Amino acid sequence: MTKKTVWTKKDLLGLEYLTAEEIELILDTTRSFKEVSTRKVKKVPTLRGKTIVSLFFEPSTRTRVSFELAAKRLSADTVGITAGTSSILKGETLKDAAKNIEAMNVDVVILRHSTSGAPHLLAKAIEPSVINAGDGAHEHPTQGLLDIFTMREKKGSLKGLKVSIIGDIAHSRVARSNIWGLKKLGADVTVCGPSTLIPLEIEKMGVRVTNDLDEAIKSADVLNVLRIQLERQKKALFPSIREYINLFGVNKERLKNAKKDILIMHPGPINRGIELTPDVADSEYSVILEQVTNGIAVRMAILFLVTGATGGSPREGRKK
Amino acid sequence: MTFKEKAKIMDEGAVQKALTRISHEILEKNKETKNLAIVGIRYRGEFLARRIVENIKKISGSSVPIGILDITLYRDDLTEVAEQPQVHETHIDFDISDKNIVLVDDVLYTGRTIRCALDEIIDFGRPVRIQLAVLIDRGHREFPIRADFVGKNVPTSLKEAIEVRLKESDGKDEVVICEKDDR
C-alpha cells in the first residue's frame with residue numbers, strides 16, 4: 001500500500017549521509033506530524049518516557065525552541081543546556097560533557113556546535129541518538145529538511161525544480177544541507193553571491209554558480225535567501241553592506257523578472273533591508289513563516305524516526 | 001511466518017449486507033443524525049466508515065461528517081515493534097465535542113487498537129458518546145472493550161488470523177480466515 005523505506009540510522013548528522021528514499025520518508029512522516037500541531041490538544045503520547053537533551057554551544061532561538069516544542073508535542077522530557085550556563089566554560093571537553101549526559105540515561109542529544117564534525121564525534125562516542133542542529137559551516141540538516149519540505153508542499157515535486165540559493169554560501173551550513181538534499185531529490189540548484197562568499201569548487205556538488213542576481217532570479221521557482229552574517233563581516237568579505245544590498249539584495253523591483261509563482265524563503269533571522277527588503281519578506285511570495293511552522297513538524301518526524309530506529313549498521317549495541 | 005488460507009467466511013454480498021445492517025442499527029440506536037459522526041481507523045476502517053456514511057445517506061437522506069484516525073502515535077508497543085511503523089495523517093476536521101461518535105474498524109481482536117483510538121479521540125475534544133462498529137469480532141480481548149455493532153462474530157484460535165479484503169485496498173470484498181503455516 002505504501003512504499004517501504006525503513007529508518008535504520010541512530011543519528012541525523014547531515015543530508016549528505018541520507019539516501020533519496022530516506023529523505024522522502026522524513027518528508028512523508030513530516031506531513032503526518034504537521035497535523036498534530038493544528039489540534040486543540042497539540043500533544044501525542046508517542047515519546048512518553050524518553051529524555052531529550054539539547055546542547056547548544058552557539059546562540060540559537062528558533063532552532064532550539066522548535067526542537068523543544070517538537071519534543072514536548074511528542075510527550076518527551078526535555079532539558080536544554082546552553083554554553084553560557086554550562087560547565088564547558090570550566091574546561092570540560094565536549095566528549096566529557098556528553099559522556100556525563102549519557103550516564104544520565106538520555107535517549108537523544110541535540111547538538112549545535114561551531115566546529116564542523118562535532119556531532120559526528122559525539123555520535124561515535126555515545127549511545128544516545130545525536131541530532132545535528134548545526135555544526136560550523138558544515139550542515140544544518142533539519143533546516144535543510146524543512147526548506148525542502150516547504151518547497152515540496154508548495155510545488156508538489158522537487159524533480160526539475162529550479163532553486164536559487166542567494167548570499168553567503170561559503171559560511172552557510174543551511175546552503176550545504178539544502179544542496180545535498182535538493183540534488184538527491186532531483187532539483188536544479190544555482191548558487192549566487194559575491195565571489196568571496198562562494199566556496200571554491202562548489203560546482204563539484206552539482207550546482208551552477210552565478211554572480212548575477214537577476215539571472216539567478218529569472219530562472220528560479222524558489223529563491224532561498226540566506227542571512228548575511230554581519231558578525232562575520234569584520235573580516236571584510238565584501239566591500240560594504242551598501243554594495244551588497246545593491247548587488248545581491250532581493251527587492252520588489254528585481255522580482256519583476258521572476259516567475260509569477262516564485263517562492264521566497266529565508267532561514268531567519270532576517271536582516272530586513274539587507275538580503276531582503278521588508279516588502280519582499282512580507283509579500284505574497286514569502287513562505288518564511290510557514291517554514292517556521294514546518295520546522296516543528298520536521299523535527300517531530302526526526303525525533304520519532306531516530307528514537308525508533310532499528311537494525312541497520314550505524315546502530316550497534318543499542319539498548320532495548 | 002506464513003499464513004495459509006483456510007476458509008472464506010464472508011463474500012462480497014455478505015460484507016455488503018453486514019454493512020447495511022450496521023448502518024441501520026447505528027441509525028436505530030442514535031435516533032437522529034444531527035450529532036452523529038463516523039470515524040474510521042486507518043486503513044480498512046476508513047473504507048468501511050466511508051461506506052457506512054454512504055449507506056446512512058441513502059437510508060436517512062442526511063450526510064454525517066466522517067473522520068479518519070491514524071493511531072500510530074498512540075500505540076503502546078512502539079518500543080517493541082521490529083520496524084518503525086509509517087505514520088499517516090489523522091483527519092478530523094469537525095468539532096467532536098457534543099457528538100455521538102461511531103468508531104469503525106475492520107477486525108476487533110485484543111482491543112488495543114481501540115484503546116489507542118479512544119485516547120486519540122479524547123485529545124480532540126469531549127464527545128457525548130463513543131460507540132464501536134466492527135466488521136469482524138474475533139474474540140481474545142486483552143482490554144475491557146466491546147463492540148456496539150458487529151458484522152460477524154467469528155470464534156478463532158490464536159493460531160489463526162483474519163484477513164479482511166476490501167475493494168478500495170485489495171480489489172475485492174471478502175473475509176478469509178488463515179492459519180499459521182508451521183512447516
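I looked up Pro269(A) first and placed it in the loop between strand S9 (263-265) and helix H9 (278-281) of chain A, where helices (H or I, at least four residues) and strands (E, at least two) are DSSP runs numbered from the N terminus. The peptide bond that leads from Gly268(A) into Pro269(A) is cis, with omega near -15°. I noted for myself that this is a predicted model, in which local features need pLDDT of at least 70 and side-chain atom pairs count only at pLDDT 80 or more, while totals for chains, interfaces and linings use all residues. Residues are numbered from 1 along each chain as its sequence is written, chains are lettered from A and ligands numbered from 1 in the order in which they are written, and side-chain values use heavy atoms, with hydrogens and water left out.

In chain B I found a cis peptide bond between Arg42(B) and Tyr43(B), with omega about -10°; Tyr43(B) sits in the loop between strand S2 (36-41) and H2. Most residues other than glycine have a negative phi, and most peptide bonds are trans.

I then checked phi in chain B. Lys31(B), in the loop between helix H1 (12-30) and S2, has a positive phi near 60° and is exposed at 73% relative accessible area, whereas His140(B), in the loop between strand S5 (129-137) and strand S6 (149-153), has a positive phi of about 65° and is partly exposed at 31%. Here buried means under 20% relative accessible area, exposed over 50% and partly exposed in between (1.4 Å probe, protein chains only).

Next I turned to helix H3 (residues 94-103) of chain A, whose buried residues are Leu94(A), Ala97(A), Ala98(A), Ile101(A) and Glu102(A). Seen down the axis of H3(A), they fall within an arc of 140°, so they line one face of the helix; the arc is taken from the directions from the helix axis to the C-beta atoms. These buried residues pack against strands S1 (51-56), S2 (77-82) and S3 (108-113) and helix H4 (118-125) of chain A.

Last, I looked at where the chains meet: 23 residues of chain B are in contact (heavy atoms within 4.5 Å) with 25 residues of chain A. Across this interface the rule finds two salt bridges, each a side-chain nitrogen of Lys or Arg within 4 Å of a carboxyl oxygen of Asp or Glu. I recorded the salt bridge in which the side chains of Arg39(A) and Glu120(B) meet, at 2.8 Å from N to O.
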